[in-house]
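Please open your viewer and keep the selection box handy. We will go from one selection to the next and say what is there at each stop.

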Amino acid sequence: MINFFKKLREDEVKLMYKGPTLVTVLIAGADDRIDNKEIKEAIEFTKLGQSKGKNLMVDFYKEIAETFEHDLKELIHTLPEDA
């Protein structure tokens, strides 16, 4: 766990880790559909954050990148077909 997150409650930490997938779904779904291109771009952005982000964010992206694709697809699967 990132040292900064140790100051947070457990529910806050979970939300921090879930945040990037939620933001991805909100942005990608703004046009009422989430296509594979948008999913791939989000995954690539997460990978890029592991090396190009600010120091604190690099560690965060390294941690979320491990399960990001799975978490994103799982979240999308739980959503209704239409907005």
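A salt bridge, as the term is used on this tour, is a side-chain nitrogen of Lys or Arg within 4 Å of a carboxyl oxygen of Asp or Glu. The model is predicted, so local features need pLDDT of at least 70 and side-chain atom pairs count only at pLDDT 80 or more, while totals for chains, interfaces and linings use all residues. Residues are numbered from 1 along each chain as its sequence is written, and side-chain values use heavy atoms, with hydrogens and water left out.

**Whole chain**

Start with the protein chain in cartoon view. The chain has 4 helices and 0 strands, in the order α-α-α-α from the N terminus on. Here helices (H or I, at least four residues) and strands (E, at least two) are DSSP runs, numbered from the N terminus. The C-alpha trace spans about 40 × 30 × 20 Å along its principal axes.

Now switch on the surface. The accessible surface comes to about 6,400 Å², and 56% of this belongs to carbon and sulfur atoms; the areas come from the Shrake-Rupley method with a 1.4 Å probe, and for residues only the protein chains shown count as cover. Of the 83 residues, 25% are buried. Buried means under 20% relative accessible area, exposed means over 50%, and partly exposed lies in between (1.4 Å probe, protein chains only).

Contacts are worth a look too, with contact meaning heavy atoms within 4.5 Å. Among contacts with a separation of 6 or more, 58% are between residues 24 or more positions apart.

**The cores**

Next, select V25, I39, A42, I43, F68, L72 and L75, the 7 residues of the largest nonpolar core. Helices α2 (36–52) and α4 (68–78) are the elements that give two or more residues to this core. A nonpolar core is a set of buried Ala, Val, Leu, Ile, Met, Phe, Trp, Tyr and Cys residues joined through side-chain atoms within 4.5 Å. In soluble globular proteins, nonpolar side chains tend to be buried together.

Center on L72. Which residues is L72 in contact with, leaving aside its neighbours within four places in sequence? They are T21, T24, V25, I39 and A42.

From there, step to T24, in helix α1 (residues 10–28). T24 counts as buried because its relative accessible area is 16%. Not counting residues up to four places away in sequence, T24 touches G29, A42, F68 and L72.

For another view of α1, select M16, which is in that helix. Is M16 buried or partly exposed? M16 is partly exposed, because its relative accessible area is 37%. Beyond residues up to four places away in sequence, M16 touches F5, L8 and F60. Draw a distance line from M16 to K37: their C-alpha atoms are separated by 24 Å, with the two positions 21 residues apart along the chain.

**Charged side chains**

Color by charge, with Lys and Arg as positive and Asp and Glu as negative; His and the chain ends are not counted. There are 13 positive and 17 negative side chains, and the centres of the two sets lie 7 Å apart. For such distances, the place of a charge is NZ of Lys, CZ of Arg, CG of Asp or CD of Glu. Side chains of opposite charge can pair when their charged atoms come close.

The structure holds 6 salt bridges. Here are some to select:

- E69 and K73 meet in a salt bridge at 2.9 Å, N to O. Both lie in helix α4, 4 residues apart, about one turn of the helix. E69 counts as partly exposed because its relative accessibility is 39%, and K73 counts as partly exposed because its value is 44%.
- K47 and E44 form a salt bridge at 3.8 Å, N to O. Both are in helix α2, 3 residues apart, about one turn of the helix.
- R9 and E12 form a salt bridge, with the closest N and O atoms 3.2 Å apart. Add D11 to the selection to see the network of salt bridges that links R9, D11 and E12.

Finish on E38, in helix α2. What is the nearest side chain of opposite charge to E38, and how far away is it? It is R33, 6.4 Å away; E38 is buried yet has no salt bridge. Leaving aside neighbours within four places in sequence, E38 is in contact with A28, D31 and R33.
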